[in-house]
Amino acid sequence: MSTWFAETFPNVVYQGWTGDTGWWTAIFQTLFMTFWSAVFGGLLGLVFGVGLVVTAPRGITPNKTLFWIFDKVVSVFRAVPFIILLAFIAPFTKLIVGTQIGVNAALVPLSLGVFPFYARQIQVALSEVDAGIIEAAQSIGASFSQIIFGVYIKEGRSEIIRVSTVTLISLIGLTAMAGAIGAGGLGNMAVAYGYNRFANDTTLVATILVLIMVLIVQVTGDWLAKKYNHK
């Protein structure tokens, strides 16, 4: 089997498993970027998403000014192509992490690139929460935080899980472009060491590994969404 693999995928074997250009390194870099960008971008997106819902004209605390700010910030960042965002915020990235290249540097544009998408997803998910339940909570004197966490988040958790799954899958795709600033990862492996060097076997294996990650996220997300769907 090992002989067949070496003969069929010579460039894959040549890359090795360890070292700066090894497969384990590329897998770790992709997981590292995806996880931390999901944490930072997810929290930012959740704040803006909730803000868009509660400050809307029919929200629990209508505020035209705040709603306008939330809406415009999300719209502007969502309109900027990710590859342009990488270059545009390079000075800000250096200010935050001390460098413009590498895996850590990629976390800043990845977080800022994914948060507007997630914010809109959260806005849609929470807007579908039954208005009657919200009104009932308000009528018994529930506080702002109790309505947010006890009604919006609790009632919409199944849909939140679904949109989080979609966002994670999108984020895995964005990590491929992060290779433009030396972040590495499987996307960079497929392009820099596969496509650019006509090593089709390297491109194939890197693509398969990305697809496996996406499949794991999708299956896990679907299972969790179904588990927490109380309808």
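Modeller: Helices here are DSSP runs of at least four residues, numbered from the N terminus. The model under discussion is predicted. In it, helix α10 covers residues 157-177 and includes Met177.

Colleague: How many helices and strands does the protein have?

Modeller: The protein has 12 helices and zero strands. The sequence therefore reads as an uninterrupted series of α elements, since only helices and strands are numbered as such runs.

Colleague: What do the contacts say about separation along the sequence?

Modeller: Consider contacts between residues at least 6 apart in sequence: 71% of these join residues at least 24 apart. The C-alpha trace spans about 70 × 40 × 25 Å along its principal axes.

Colleague: What share of the residues is buried, and which atoms should one consider at the surface?

Modeller: Of the 231 residues, 41% are buried. The accessible surface comes to about 12900 Å², and carbon and sulfur atoms hold 68% of that area.

Colleague: Which residues make the nonpolar surface patch?

Modeller: Val76, Val80, Ile83, Ile84, Phe88 and Met177 form a patch of about 570 Å². Helix α5, residues 82-88, gives the most to this patch, with three residues.

Colleague: Why can Met177 count towards such a patch?

Modeller: A patch residue needs over 30% relative accessible area. Met177 qualifies on this point because its relative accessible area is 34%, which makes Met177 partly exposed.

Colleague: How are the charges placed on average?

Modeller: The protein has 13 positive and 10 negative charges, and the mean positions of the two sets are 8 Å apart.

Technical notes:
Residues are numbered from 1 along each chain as its sequence is written. This is a predicted model: local features need pLDDT of at least 70, side-chain atom pairs count only at pLDDT 80 or more; totals for chains, interfaces and linings use all residues. Side-chain values use heavy atoms; hydrogens and water are left out. Helices (H or I, at least four residues) and strands (E, at least two) are DSSP runs, numbered from the N terminus. Buried means under 20% relative accessible area, exposed over 50%, partly exposed in between (1.4 Å probe, protein chains only). Contact means heavy atoms within 4.5 Å. Accessible areas come from the Shrake-Rupley method with a 1.4 Å probe; for residues, only the protein chains shown count as cover. Lys and Arg count as positive and Asp and Glu as negative; His and the chain ends are not counted. The place of a charge is taken as NZ of Lys, CZ of Arg, CG of Asp or CD of Glu. Patches are made of residues with over 30% relative accessible area and no salt bridge: like charges are joined within 9 Å, nonpolar side chains (Val, Leu, Ile, Met, Phe, Trp, Tyr) within 5 Å. A salt bridge is a side-chain nitrogen of Lys or Arg within 4 Å of a carboxyl oxygen of Asp or Glu.
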